[in-house]
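Ready for a short walk through this structure? Keep your viewer open, and select each stop as we reach it.

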Amino acid sequence: MATPMGFELLKQLFKKPATNLFPIAYYPESVLDLLARVEKGEVKVNPPVEVPDKFRGKITYQREDCIGCKLCIKVCPSQAIEFLPEQKKIKIHIDHCIFCSQCNDICPKDCLHMSEEFLLADTDRGSPNLKVE
Ligand code: SF4
Ligand code: SF4
């Protein structure tokens with residue numbers, strides 16, 4: 001008997017997957033070996049899928065427009081934003097960010113935006129890649 005769940009299951013069978021085999025189409029025996037082969041051009045890396053509209057990736061900060069009002073710090077639920085008192089500017093710790101966009105929504109100077117960048121994996125929480133200032 002046809003049920004809404006059965007119908008949904010059938011629909012999913014013919015739908016294009018939302019993800020792809022990223023970064024390569026198989027699980028490598030050695031990641032280091034894989035990276036070396038990618039560098040030599042022996043292995044092709046699959047590009048990531050396109051991000052949807054209004055995607056919330058790594059924050060961008062237009063420092064010169066910031067007036068140091070601290071509203072972004074007040075609304076940030078994960079204490080990811082640090083105030084730099086001497087400069088009256090901010091520093092965002094992406095390793096704490098939960099990509100909620102509240103800082104972006106409240107900023108009166110429109111200097112914070114959610115970018116499309118999402119490849120943020122890092123072995124070091126203090127990496128410059130995870131700081132925005
Ligand atoms: S996006 Fe959310 S969690 Fe990230 S810095 Fe802004 S307010 Fe904080
Ligand atoms: S809300 Fe905007 S202007 Fe105010 S401190 Fe944050 S980034 Fe700067």
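Start with ligand 1. What surrounds it? Its shell holds 15 residues, and the closest are Cys76, Ala80, Cys97, Cys100 and Cys103. Colour that shell by residue type and you should find 12 nonpolar residues, 3 polar ones and no charged ones. Do keep in mind on this tour that you are looking at a predicted model.

Next, select ligand 2. Around it you will find Cys66, Ile67, Gly68, Cys69, Lys70, Leu71, Cys72, Ile90, Cys107, Lys109, Cys111 and Leu112. How does this shell divide by residue type? It has 9 nonpolar, 1 polar and 2 charged residues.

Ile90 is a handy stepping stone, being one of the residues around ligand 2. Isoleucine 90 sits in strand 3, and opposite it stands phenylalanine 83. Now show strand 2 together with strand 3 (residues 89–93): the two pair in the antiparallel sense over 4 bridges. Zoom out a little to take in the open sheet, in which 3 strands run in the order 2-3-5 with antiparallel pairing. Its edges are strand 2 (81–84) and strand 5 (131–132), each of them pairing on one side only.

From strand 3, follow the chain towards helix 4 (102–106); in the loop between these two elements is phenylalanine 99. Is phenylalanine 99 buried, exposed or partly exposed? It counts as partly exposed, because 16 other C-beta atoms lie within 10 Å, whereas a buried residue would need 20 or more and an exposed one 12 or fewer. Show its contacts as well: leaving aside residues up to four places away in sequence, phenylalanine 99 touches Arg56 and Met114.

Now draw a distance from phenylalanine 99 to asparagine 20. The C-alpha atoms of the two are 23 Å apart in space, and 79 residues separate them in sequence.

For the wider view, colour the protein chain by its domain assignment, with domain 1 covering 17–49 and domain 2 covering 51–133. How far apart are the C-alpha centres of domain 1 and domain 2? They lie 30 Å from each other.

The last stop is helix 2, residues 31–39. This helix is hardly covered: of its 9 residues, the count that are buried is 0. Step past the end of helix 2 to glycine 41, and check its backbone: phi is positive there, near 80°.

Note on methods: Residues numbered from 1 in each chain as written. Chains lettered and ligands numbered in written order. Predicted model: local features only at pLDDT ≥ 70, side-chain atom pairs only at ≥ 80, totals over all residues. Domains from an automatic or database assignment. Near = placed C-beta within 6 Å. Nonpolar A, V, L, I, M, F, W, Y, C, P; charged D, E, K, R; others polar. Pairing = 2+ DSSP bridges. Contact = placed C-beta atoms within 7 Å.
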